[in-house]
Amino acid sequence: MLDPRYFQEKLSDLEAGLKRRHADPNFLKQVFDLAKKRKELIHETESLKAKRNLVTQEIAQLKSKAKTDPAAASQADEKVKAMRALGDQIKEFDDHLNKVETEFQALTYRIPNIPHASVPEGLDPTANVEIKKWGTPKKCDFKPKEHMALGEALNILDFERAGKMSGARFALYYGAGAALERALIQFMLDLHTREHGYREVIPPFMVNRAAMTGTGQLPKFEEDLFKTGVAERELFLIHTSEVPLTNIHRDEILNPGVLPLYFTAYSPCFRSEAGSYGKDTRGLIRQHQFQKVELVKIVEPEKSYEELEGMVKNAEKVLQTLGLPYRVMALCSGDMGFSASKTYDIEVWLPGQSAYREISSCSNCEDFQARRAAIRYRQDAQAKPRLVHTLNGSGLAVGRTFIAVLENYQDADGNIMIPEALTKYLDGAPGFVKEKGTLWIKGKK
């Protein structure tokens, strides 16, 4: 949720920010018409109440004089009658203002965050800006296969049988495939907790409407979420553990010295993928259920952009340690998520697709989520509470890291070499073959 000042003295900044977001012109007009009407009603209501206060004082003075001045008593009676009419008028304005406020409040929850000044201008991913590249895609003397073909040939992935249970966009992992996914999760958590200073959390995988509203998923994106309604209790399956991690300190004022807070969590994630019909229908790229290791930071406002750069480096370290080539992209104003002020995407190289694909998205939401979730802190014991800044990022999307390992470490026969960083998690596990100190997933010859 945006700072209320955007709707009072910073309307021009709001307009500029929403235009950079390429907001629908009709939505933009609705926002400004309602903001203008609200401002006018507040002014009129406050003017009438100020007049009532003034007249109330005059009545009191006249009644005081009435003991010695009969004319003052008559004047007081006339003003009392006028006050009744004024009171009716104030009630009418209050009722109108309350109606507009309710409508306005609902609308503000649908207004996205304002892009940071450093965010590139643009409408869609074609305007995103490459910041850096790391690693060199391996040149193969054979045609690299996509992960679906590799996984099915090695009998570690099964999409057909998963479809019998759950429909499209689900997968079964078998044997070495399941172990590799689990090893990636453990590797990421170990790296972020032991080297990067994050505190590991096992959060609830279902949350209430207030939690989803706090991070910006509701009310705008309800169609993207899976929802339960057991025994009249409404809960949403999380689409990322950003939601429970950010909401840990909802409705709290944090004590001096507590910040910064770094959290990491593994969770299954559930997404309806509404609006993605026809996109990435095969394989693991766009599933209804997938695994992810999430990073969340709750920090002082003055340090949030420094913390964003650090979060990106934390996510990069996963790919660097696994030896997977990638690039970092600064998202343009029209391609960012709803709650973000600035976002970097990390895209990993996938030889089977001969393309870079997103594997992490790291965002600074500034105080947008903190205002919705009422997360504040004190700089010192006497200081007035301030809103924190919240950041989130994938550290990484596990299924897409699984894809990247299969496609980047395949050989001409479709066997998969396991990156050295994962060896300690998989050495001796069923389904892996060790040759000259290197682990492999190998098919039958």
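**Figure 1. Packing of helices α6 and α11 in the predicted model.** Helix α6 (residues 175–194) packs against α11 at an angle of about 115 degrees, and the two axes lie 10 Å apart. The structure shown here and in the following views is a predicted model. The crossing of α6 over α11 is right-handed. On the α6 side, the contact is formed by Gly 177, Leu 180, Glu 181, Leu 184, Ile 185 and Met 188. These residues meet Val 398, Gly 399, Thr 401, Phe 402, Val 405 and Leu 406 in α11. An α-helix has 3.6 residues a turn, so residues three or four places apart point the same way.

**Figure 2. Burial of helix α11.** Eleven of the eleven residues of α11 are buried, so the helix is largely enclosed by the rest of the structure. The buried residues include the charged side chains Arg 400 and Glu 407. Also among them are Val 398, Ile 403, Ala 404 and Asn 408. Phe 402 has a relative accessible area of 0% and is therefore buried.

**Figure 3. The aromatic pair Tyr 173 and Phe 402.** Seven aromatic pairs are counted in the model. In one of them, the ring centres of Tyr 173 and Phe 402 are 5.1 Å apart and the planes stand at 80 degrees, so the pair is edge-to-face. The two residues come from distant parts of the chain, with Tyr 173 in strand β3 (residues 172–173) and Phe 402 in helix α11 (residues 398–408), 229 residues apart. Tyr 173 counts as partly exposed, because its relative accessibility is 23% and the partly exposed class lies between 20% and 50%. Phe 402, by contrast, is buried at 0%.

**Figure 4. The aromatic cluster around Phe 338.** The ring centres of Phe 221 and Phe 338 lie 5.4 Å apart with their planes at 80 degrees, so this pair is edge-to-face. Phe 221 belongs to the loop between α7 (209–215) and β6, and Phe 338 to the loop between β11 (326–330) and β12 (342–350), so the pair ties together parts that are 117 residues apart in sequence. With a relative accessible area of 26%, Phe 221 is partly exposed. Phe 338 counts as buried, at 9% relative accessibility. Phe 368 joins Phe 221 and Phe 338 in one aromatic cluster.

**Figure 5. Lysine charges over tyrosine rings.** Two sites are shown in which a lysine lies over a tyrosine ring. At one site, the charged end of Lys 10 sits over the ring of Tyr 6, at 4.4 Å from the ring centre. At the other, Lys 297 lies over the face of Tyr 262, and the distance to the ring centre is 4.6 Å.

**Figure 6. The open sheet of β17, β19 and β18.** These three strands form an open sheet in the order β17-β19-β18, with antiparallel pairing. Strands β17 and β18 stand at the edges and each has a single partner strand, so one side of each is left without a neighbour in the sheet. Strand β17 (residues 416–417) is joined to β19 (residues 438–441) by two bridges. Within this pairing, Ile 416 has Ile 441 as its bridge partner. Three bridges connect β18 (residues 433–435) with β19, again in the antiparallel sense. Val 433 is the bridge partner of Trp 440 in β19, and Glu 435 stands opposite Thr 438. β18 and β19 form a hairpin with two residues between them. In the turn, Lys 436 has a positive phi of about 55 degrees.

**Figure 7. The open sheet of β5, β7 and β6.** The strand order in this open sheet of three strands is β5-β7-β6, and the pairing is antiparallel. The edges are β5 (206–207) and β6 (227–230), each with a single partner strand, so one side of each is left without a neighbour in the sheet. Four bridges link β6 to β7 (residues 233–237) in the antiparallel sense. Gly 229 stands opposite Glu 234 in β7.

**Figure 8. Thr 108 and Gly 337.** Thr 108 lies in helix α3 (residues 70–108). Its relative accessibility is 6%, and Thr 108 therefore counts as buried. Thr 108 and Gly 337 are 229 residues apart along the chain, and their C-alpha atoms are separated by 16 Å.

Terms used:
Residues are numbered from 1 along each chain as its sequence is written. This is a predicted model: local features need pLDDT of at least 70, side-chain atom pairs count only at pLDDT 80 or more; totals for chains, interfaces and linings use all residues. Side-chain values use heavy atoms; hydrogens and water are left out. Two strands pair if DSSP finds at least two bridges between them. Rings of Phe, Tyr and Trp (its six-membered ring) pair if their centres lie within 6.5 Å; planes under 30 degrees apart count as stacked, over 60 as edge-to-face and the rest as tilted. Buried means under 20% relative accessible area, exposed over 50%, partly exposed in between (1.4 Å probe, protein chains only). A charge sits over a ring if NZ of Lys or CZ of Arg is within 6 Å of the ring centre and within 35 degrees of the ring normal. Axes are lines fitted to C-alpha atoms, for helices over the stretch in contact, and angles run from 0 to 180 degrees between N-to-C directions. A crossing is left-handed if the near helix is turned anticlockwise from the far one by less than a right angle, and right-handed if clockwise. Contact means heavy atoms within 4.5 Å.
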